[in-house]
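This report describes a single protein chain, moving from one residue and its surroundings to the chain as a whole. Please keep the sequence and the coordinates at hand while reading.

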Amino acid sequence: GVEIDDTTNPFADGLFEVINKGTGMEQMRHHTVEIAMYNLISFMWELETGKPYEMAIKHNIFSGFGEGSRESIIEEIDGKSNVIFDVS
C-alpha cells in the first residue's frame, strides 16, 4: 500500500482524500505518484534543512517551497550561483 509517515503536516491527510463519495464514481484525489513525490520532497527537505516539510496550501504538494527557502535551492559553486532546482 501507499502511506506517508508525516504526522506533523496538517494537510498531509488530504493526500488520501476520496472525492465523489457515494456516487459510484469514487476516486482518490491524489494518485500514487503524487504521494510518492510528497514523500520524496519531505525526505529531501528534512535532510537538507533539518525541519519537516510542510505544505502551505491544502492539496498543493509543492506549496511548501516559498521565497524564504530559495536560498537553500540555489547552490554556490566557484563563486557563481547555479540554479539546481527551479520552483517558479
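## A starting point in a helix

In which helix is the place of S42? The model discussed here is a predicted one, and in this model S42 belongs to helix 1, the element that spans residues 32-49. With a relative accessibility of 12%, S42 counts as buried, because that value falls under the 20% limit used for this class. When residues up to four places away in sequence are set aside, S42 touches D6 and Y53.

## The second largest pocket

S42 also appears in the description of a pocket. The second largest pocket holds about 170 Å³ of space, and it is lined by 10 residues, of which D5, D6, S42, F43 and E46 are the closest to its centre. Sorted by class, this lining comprises three nonpolar, four polar and three charged residues.

D5, one of the residues closest to the centre of that pocket, lies in the segment before strand 1. Its relative accessible area is 72%, and D5 is therefore classed as exposed, the limit for that class being over 50%. The C-alpha atoms of D5 and N39 are 8.1 Å apart in space, although 34 residues separate the two in sequence.

## Aromatic rings

A pair of aromatic rings is described by two quantities, the distance of the centres and the angle of the planes. The count of aromatic pairs in this model comes to two. One pair is formed by W45 and Y53, with 5.6 Å from centre to centre and 70° between the planes, an arrangement that is edge-to-face.

Both W45 and Y53 are buried. Ring pairs join these two residues with Y38 into a cluster, and Y53 is also one of the residues that S42 touches. Y38, for its part, is among the contacts of L15, a residue taken up in the next section.

## Two residues before strand 1

L15 and F16 are both found in the segment before strand 1. Which of the two is buried, and which is partly exposed? L15 has a relative accessibility of 0% and so counts as buried, whereas F16, at 27%, counts as partly exposed, because its value lies between the limits of 20% and 50%.

Leaving aside neighbours within four places in sequence, L15 is in contact with I4, H30, I35, Y38, M55 and I61. For I61, which is 46 residues away along the chain, the C-alpha atom is separated from that of L15 by 8.7 Å. F16, with residues up to four places away again not counted, touches V2, E3, I4, M28 and I35; I4 and I35 therefore appear in the contact lists of both L15 and F16, where contact means heavy atoms within 4.5 Å. The C-alpha atoms of F16 and V2, 14 residues apart along the chain, are separated by 9.4 Å.

## Positive phi angles

Most residues other than glycine have a negative phi. Which values does phi take at N20 and H59? Phi is near 60° for N20 and near 70° for H59, in each case a positive value in a residue other than glycine.

N20 is placed in the loop between strand 1 (18-19) and strand 2 (27-28), and H59 in the loop between helix 1 (32-49) and helix 2 (70-73). Their accessibilities fall into separate classes: N20, at 40% relative accessibility, counts as partly exposed, while H59, at 17%, counts as buried, because 17% is under the 20% limit.

## The chain as a whole

The protein chain contains two helices and four strands, and from the N terminus on these elements follow one another in the order β-β-α-α-β-β. Of the 88 residues in the protein chain, 24% are buried, and L15, S42, W45, Y53 and H59 are among the residues classed in this way.

The accessible surface of the protein chain comes to about 6,500 Å², and carbon and sulfur atoms account for 54% of this area. Among the contacts with a separation of 6 or more, 35% involve residues 24 or more positions apart.

Methods: Residues are numbered from 1 along each chain as its sequence is written. This is a predicted model: local features need pLDDT of at least 70, side-chain atom pairs count only at pLDDT 80 or more; totals for chains, interfaces and linings use all residues. Side-chain values use heavy atoms; hydrogens and water are left out. On a 1 Å grid over the protein atoms alone, a cavity is a set of points where a 1.4 Å probe fits but cannot get out, and a pocket is an open set with protein on both sides within 12 Å along at least five of seven lines; lining residues have an atom within 4 Å of a point. Grid points are joined across faces, edges and corners, and a volume is the space filled by probe spheres set on the points. Ala, Val, Leu, Ile, Met, Phe, Trp, Tyr, Cys and Pro count as nonpolar, Asp, Glu, Lys and Arg as charged, and the others, Gly among them, as polar. Buried means under 20% relative accessible area, exposed over 50%, partly exposed in between (1.4 Å probe, protein chains only). Accessible areas come from the Shrake-Rupley method with a 1.4 Å probe; for residues, only the protein chains shown count as cover. Rings of Phe, Tyr and Trp (its six-membered ring) pair if their centres lie within 6.5 Å; planes under 30 degrees apart count as stacked, over 60 as edge-to-face and the rest as tilted.
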